[in-house]
Amino acid sequence: MASAELEEELRCALSELIGGDQIWIIAEGQSLDWLASYVKLLIASELETYEALIEREDSSKHSSWRRKRHEYLLSISGCLPKIPPLRDSRNVVVHGIWYRECLFRHECKEYCSDSPYGRLDKDAVMYHADRSRMRRESSRQRWSIPQVERLADEITAIRSRLQRARWDMMLASTDNV
């Protein structure tokens, strides 16, 4: 659920950046990669335009809305690099086939890696996720339930940061109406 909420927040960010109600026609059903890459592209374009304006004009002349929008863009831009590693882990968790015991039993340490979180709790029950990849070797990782919960919490934290930035931007735009 956390990753679906992150995707929804990126769709909202696209709508804010493009400025229209009809963005859903393009954005619905798009992957997390697609959404994040287009948000990144739009932010880079708008930041470039904003910075060119700052060079030509006195920055004190810029409205509080424009400054708030600039902060919003920087805030979102700061979240985007955190998405790919979380996405990769999420894909193992969601798309992997889960086993209570390793398929490689005695060679587990050779064929299976720990989740990105290592061993959070030495006593936690470890499960094995085997994710097949097109034209690549399968990804095999050991995960515990607390690690999966931590992944969901980190995805939720990124979504919350994006949402907070968007709400701040929307409030700033209503202050100028």
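Helices are DSSP runs of H or I with at least four residues, and strands are runs of E with at least two, numbered from the N terminus. The model shown in these figures is predicted.

**Figure 1. Overview of the 7 helices and 4 strands of the protein.** Read along the sequence, the elements follow the pattern α-α-α-α-α-β-α-β-β-β-α. The protein has 177 residues, and 36% of them are buried. Of the contacts between residues at least 6 apart in sequence, 71% join residues at least 24 apart. The structure holds 1 cavity of 30 Å³ or more, and its largest pocket encloses about 200 Å³ of space. Both are shown in later figures.

**Figure 2. Helix 1 and the glycine that follows it.** Helix 1 runs over residues 2-18. With 17 residues, helix 1 reaches 24 Å from its first C-alpha to its last, close to the 24 Å expected at 1.5 Å a residue. The buried residues of helix 1 include the leucines Leu6, Leu10, Leu14 and Leu17. Ala2, Ser3 and Ala13 are also among the buried residues of this helix, as are Glu7, Glu9 and Arg11. Glycine 19, which comes after helix 1, has a positive phi, near 85°.

**Figure 3. Alanine 13, a residue of helix 1.** Alanine 13 counts as buried because its relative accessibility is 4%, and the limit for buried is under 20%. Leaving aside neighbours within four places in sequence, alanine 13 is in contact with Val39, Tyr72, Ile76 and Arg166. One of these partners, tyrosine 72, is 59 residues away from alanine 13 along the chain, and the two C-alpha atoms are separated by 10.0 Å. Another partner, Val39, is shown in the next figure.

**Figure 4. The largest nonpolar core, with its 32 residues.** Leu10 and Val39 touch the most other members of this core. At least two core residues come from each of helix 1, helix 3, helix 4 (64-79), helix 5 and helix 7 (145-175). Not counting residues up to four places away in sequence, valine 39 touches Leu10, Ala13, Leu14 and Leu17. Ile76 and Leu80 are also touched by valine 39.

**Figure 5. The largest pocket, with about 200 Å³ of space.** The pocket is lined by 14 residues, and the closest to its centre are Ala36, Lys40, Ser77, Leu80 and Pro81. Helix 3 (32-56) and helix 5 (83-95) are the elements that give two or more residues to the lining. Helix 3 gives the most, with 8 residues. By class, the lining has 9 nonpolar, 2 polar and 3 charged residues.

**Figure 6. Helix 5 and its buried residues.** Helix 5 has 13 residues and spans 17 Å from its first C-alpha to its last, close to the 18 Å expected at 1.5 Å a residue. Its buried residues include Ile83, Leu86, Val92 and Val93. Arg87, Ser89, Arg90 and Asn91 are also buried in helix 5. Asparagine 91 counts as buried because its relative accessibility is 14%, where the limit is under 20%. Not counting residues up to four places away in sequence, asparagine 91 touches Gly96 and Arg131.

**Figure 7. The largest cavity, with about 50 Å³ of space.** Tyr99, Cys102, Leu103, Phe104 and Cys112 are among the residues that line the cavity. The lining also includes His128, Ala129, Asp130 and Arg140. Strand 3 (residues 126-133) gives the most to this lining, with 3 residues. The lining residues divide into 6 nonpolar, 1 polar and 2 charged.

**Figure 8. Arginine 161, a residue of helix 7.** Arginine 161 is partly exposed because its relative accessible area is 31%, which lies between the limits of 20% for buried and 50% for exposed. Not counting residues up to four places away in sequence, arginine 161 touches Ser75, Gly78, Cys79 and Lys82. Arginine 161 and glutamate 9 are 152 residues apart in sequence, and their C-alpha atoms are 9.9 Å apart in space. Glu9 belongs to helix 1, where it is one of the buried residues.

Terms used. Residues are numbered from 1 along each chain as its sequence is written. This is a predicted model: local features need pLDDT of at least 70, side-chain atom pairs count only at pLDDT 80 or more; totals for chains, interfaces and linings use all residues. Side-chain values use heavy atoms; hydrogens and water are left out. On a 1 Å grid over the protein atoms alone, a cavity is a set of points where a 1.4 Å probe fits but cannot get out, and a pocket is an open set with protein on both sides within 12 Å along at least five of seven lines; lining residues have an atom within 4 Å of a point. Grid points are joined across faces, edges and corners, and a volume is the space filled by probe spheres set on the points. Ala, Val, Leu, Ile, Met, Phe, Trp, Tyr, Cys and Pro count as nonpolar, Asp, Glu, Lys and Arg as charged, and the others, Gly among them, as polar. A nonpolar core is a set of buried Ala, Val, Leu, Ile, Met, Phe, Trp, Tyr and Cys residues joined through side-chain atoms within 4.5 Å. Buried means under 20% relative accessible area, exposed over 50%, partly exposed in between (1.4 Å probe, protein chains only). Contact means heavy atoms within 4.5 Å. The expected span of a helix is 1.5 Å times one less than its number of residues.
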